[in-house]
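Here's a short walk through a two-chain model, written for someone who already has it open in a viewer. Have a look first, then read on.

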Amino acid sequence: MVQFETARLDASFAALSDATRRGVLEQLGRSEASITELADRFHMTLTGMKKHVGVLEQAGFVTTQKIGRVRTCRLGLRRLEEEAAWIESYRQVWAARFDALDTVVEQLKHREKTDD
Amino acid sequence: MTNRTTIERTSERALVVTRVFDGPARIVFEAWTKPELMKLWWAPKSLGMPILSCEMDVRVGGGYRLAFGHGEPPVFVAFGKYLEVTPPSRLVWTNDEGEDAAVTTVTFEAQNGQTLLTLHELYPSKEALERGRGAEDGMPEQFEQLDALLPTLTASA
């Protein structure tokens, strides 16, 4: 498991160590794009861009889907997982607060009863 | 048994948290508007950052200031002002710590003796919301302490 994580991290760092690939991620964060569109935008050959997208795909940052003759790229599950993990950690902050608030509500209810 | 806290990102700029409380709205509202009560629950031990001080002037235009940390000087200070105060159903305040800060709206709805609480955070932009998550970073490890805390809370309730 640790080795798997290490390998995953190595792939991530390698994928993100290149300015073009970081640019591609930024671009895909705004909207999905075909390999041809990405190649144009980054002034690159189709083959060069395919290589970059392949690296990002292996690291889980990007997924691609071929429909007809066009391969469309979008941000991968990895990013979604991170977003989901962040939302869950935020939820847990509120859950912890609200569980403590339950105790306060119980105490206030109890106080009202004894005041009656 | 505690009630479920749900969270949803309802738009690029908004997060909504909901929770039902087993008590009337006026009691839940009171717990949100009296500093001595806020201090009891806003920073439970599992968050790892206790409240040092809590000042709240709960009226439209009034300010609040919550300081967190383990001693002076505080590690973090939250502050802002109240935009709407409608007991026992609605509170709106600003968070003025930085440019990315949200406006928070909390509503308290009576439901058969219970209260449905809805907390809505509206950020100035998508980027602000996503940067805002940094403020809560470092907390996940502390959540493991939550399991240990819950039985004590339930026992004292």
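What follows goes through chain A, then the sheet of chain B, and ends with the contact between the chains.

**Chain A in outline**

Keep in mind that this is a predicted model. Chain A has five helices and three strands, and going from the N terminus they come in the order α-α-β-α-α-β-β-α. Of its 116 residues, 23% are buried. If you take the contacts in chain A with a separation of 6 or more, 44% of them join residues 24 or more positions apart.

**The small sheet**

The three strands of chain A make an open, antiparallel sheet with the order 1-3-2. Strand 1 (33–34) and strand 2 (62–67) of chain A sit at the edges with a single partner strand each, so one side of each has no neighbour in the sheet.

Strand 2 of chain A pairs with strand 3 (residues 70–75) of chain A through six bridges, again antiparallel. To find your way along that pairing, look for A:Lys66, whose bridge partner in strand 3 of chain A is A:Arg71. The two strands form a hairpin with two residues between them. One residue to check in the turn is A:Gly68, which has a positive phi of about 65°.

**Two helices against the sheet**

Helix 2 (residues 19–30) of chain A lies across strand 1, strand 2 and strand 3 of chain A, at about 90° to strand 3. Helix 4 of chain A also packs on the sheet, but its contacts are with strand 2 and strand 3 of chain A, and its direction makes about 120° with that of strand 2.

Here are the buried residues of the two helices, with the arc they fall in.

| Helix of chain A | Buried residues | Arc seen down the axis |
|---|---|---|
| Helix 2 | A:Arg21, A:Val24, A:Leu28 | 50° |
| Helix 4 | A:Met49, A:His52, A:Val53, A:Leu56 | 95° |

Why do the buried residues of helix 2 of chain A line one face of the helix? Seen down the helix axis, they fall within an arc of 50°, so they end up on one face. Turned away from that buried side are the exposed residues A:Ala19, A:Glu26, A:Gly29 and A:Arg30. As for length, the twelve residues of helix 2 of chain A reach 17 Å from first C-alpha to last, close to the 16 Å expected at 1.5 Å a residue.

A:Gly29 deserves a second look. This glycine lies in helix 2 of chain A and counts as exposed because 10 other C-beta atoms lie within 10 Å, where 12 or fewer is the cut-off. Even so, A:Gly29 is 6.6 Å from A:Leu75, C-alpha to C-alpha, although the two are 46 residues apart in sequence.

Helix 4 (residues 46–58) of chain A tells a similar story. Its buried residues stay within an arc of 95°, so they too line one face of the helix. On the face turned away from the buried side you'll find the exposed residues A:Thr47 and A:Lys51. The 13 residues of helix 4 of chain A should span 18 Å at 1.5 Å a residue, and the end C-alpha atoms are indeed 18 Å apart. Just after the helix comes A:Gly60, with a positive phi of about 85°.

**The sheet of chain B**

Over in chain B, eight strands form an open sheet in the order 1-2-8-7-6-5-4-3, paired antiparallel. Its edge strands are strand 1 (6–11) and strand 3 (51–56) of chain B, and each pairs on one side only. From one strand to the next, the twist averages 20°.

Strand 2 (residues 14–21) and strand 8 (residues 114–122) of chain B run antiparallel and are joined by eight bridges. Within that pairing, B:Val17 has B:Leu119 of strand 8 as its bridge partner. Helix 1 (residues 25–33) of chain B packs on the sheet, where it touches strand 2, strand 6 (90–94), strand 7 (103–111) and strand 8 of chain B. The direction of helix 1 of chain B makes about 155° with that of strand 7 of chain B.

**Where the chains meet**

How many residues does each chain bring to the contact? Chain A gives 22 residues and chain B gives 30 residues. On the chain A side, the residues divide into 13 nonpolar, three polar and six charged.

Definitions and conventions
Residues numbered from 1 in each chain as written. Chains lettered and ligands numbered in written order. Predicted model: local features only at pLDDT ≥ 70, side-chain atom pairs only at ≥ 80, totals over all residues. Helix = DSSP H or I, 4+ residues; strand = E, 2+ residues; numbered from the N terminus. Buried ≥ 20, exposed ≤ 12 C-beta atoms within 10 Å, placed from the backbone. Contact = placed C-beta atoms within 7 Å. Nonpolar A, V, L, I, M, F, W, Y, C, P; charged D, E, K, R; others polar. Expected span 1.5 Å × (residues − 1). Arc of directions from axis to C-beta. Pairing = 2+ DSSP bridges. Axes fitted to C-alpha atoms, helices over the stretch in contact; angles between N-to-C directions.
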